[in-house]
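Got your viewer open? Let's walk through this one stop by stop, with something to select at each.

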Amino acid sequence: MAVADPLPLYQPQPAALDSAVRFEGVTVERGGISILDGVSASVPKGSCTAIIGPNGAGKTTLLMALLGEIGYQGRIILGDPSRPPRIGYVPQRLSFDRGMPLTVSEFLAMGFQNKPLWFGIGPNVRRLSRDILALVKADHLAERTIGALSGGELQRVLLALALRQEPDLLVLDEPSAGVDFRGELIFCELLDHLRHSQGFTQLMVSHDLATVTHHATHVICLNRRVAAEGPPRHTLTSENLTAIFGMHMGLVSSRSMPDNRAVCSAPCCRERDSD
């Protein structure tokens, strides 16, 4: 007897002219082990696109392929071929010595000036640092040391650093990692505001279905290959969630969100909604 395909039948979205990113047959192998298997998906321009899937599904690997950090087979097409997009990146975490006496202003200055920090920070660079911090509502952190920041505060500083170059595409890997629920909500609302005001496309990896259903406009369900792609109300079905996570995750209702976006009623999301 033939073994059934563990993922539901998936038809890739037609290549759209307004796609910020198109993945075409992206495959990554390491040590003979398949991490990504022919991934084809699109990221609509101006969208908040979320990549979801279980641990080991290849979500971060797909981002690293997009950023040119790892080799892959297939094609990744970035917007208009005649003008490479500016890309900002917010990592899941930043490894550094928390005892290092480096202020937030000095940390950001490293991206604005070429001279070493021990020569000091010029007034123009200091102003630019404060302006970019104000954009993410974190200008009050300017003279705090990096090591003294909470998880949510550090995420805002990393976001400010990513926004420094006015990106066309903002890539975030687990932006809510290490942030409490309220901090996560504020951060996502800030991202929504910035995406609309700055006009960039947002592509994020997330394991949090509550965040995805409340903020994403486009979803890519991934478990080494694409199980489903499209608006949350079409992709976050119980069948697709069960297929990619390997367990019953609950139902998705599109009735309780404005703009016809879906709300997940999985147990993990209901707990957050009741907080």
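**Stop one: the cysteines**

Select Cys188: with a relative accessibility of just 5%, this residue counts as buried. Keep in mind as you click around that this is a predicted model. Now look for disulfides: the structure has zero of them. Cys188 is in no disulfide, and the nearest cysteine sulfur belongs to Cys48, 7.6 Å away. A disulfide needs its two sulfur atoms within 2.5 Å. While you're on cysteines, click Cys221 as well: its relative accessible area is 0%, so Cys221 is buried.

**Stop two: a pair of helices**

Next, select residues 123-135, helix H3, together with residues 151-163, helix H4. Two packed helices are described by the angle and the distance between their axes. Here the axes come within 9 Å and cross at roughly 115°, and the crossing of H3 and H4 is right-handed.

Which residues of H3 and H4 meet? Show side chains for Ile132, Leu133 and Leu135 on the H3 side, and for Val157, Ala160 and Leu163 on the H4 side. Colour the residues of this contact by type and you get six nonpolar, no polar and no charged.

**Stop three: the cores**

Stay with Val157 for a moment. The largest nonpolar core has 41 residues, and Val157, along with Ile52 and Leu159, touches the most other members. H4 supplies the largest share of this core, seven residues.

Now centre on Leu159 and hide its neighbours within four places in sequence. What is Leu159 in contact with beyond those neighbours? You should find Val90, Val136, Leu170, Phe187, Leu190, Leu191 and Leu194.

Apart from that core lies another, of 25 residues. To find your way to this second core, select some of its members, including Ala20, Ile70, Leu169 and Val226.

**Stop four: two loops with positive phi**

Move to the loop between H4 and strand S6 (169-173), and pick Glu166. Its phi is near 50°, a positive value in a residue other than glycine. Is Glu166 buried or exposed? Its relative accessibility is 56%, so Glu166 counts as exposed.

For the last selection, go to the loop between strand S8 (218-223) and strand S9 (225-230), where Arg224 sits. Arg224 also has a positive phi in a residue other than glycine, near 70°. Turn on the surface here: with a relative accessible area of 32%, Arg224 is partly exposed.

Definitions and conventions. Residues are numbered from 1 along each chain as its sequence is written. This is a predicted model: local features need pLDDT of at least 70, side-chain atom pairs count only at pLDDT 80 or more; totals for chains, interfaces and linings use all residues. Side-chain values use heavy atoms; hydrogens and water are left out. Axes are lines fitted to C-alpha atoms, for helices over the stretch in contact, and angles run from 0 to 180 degrees between N-to-C directions. Helices (H or I, at least four residues) and strands (E, at least two) are DSSP runs, numbered from the N terminus. A crossing is left-handed if the near helix is turned anticlockwise from the far one by less than a right angle, and right-handed if clockwise. Contact means heavy atoms within 4.5 Å. Ala, Val, Leu, Ile, Met, Phe, Trp, Tyr, Cys and Pro count as nonpolar, Asp, Glu, Lys and Arg as charged, and the others, Gly among them, as polar. A nonpolar core is a set of buried Ala, Val, Leu, Ile, Met, Phe, Trp, Tyr and Cys residues joined through side-chain atoms within 4.5 Å. Buried means under 20% relative accessible area, exposed over 50%, partly exposed in between (1.4 Å probe, protein chains only).
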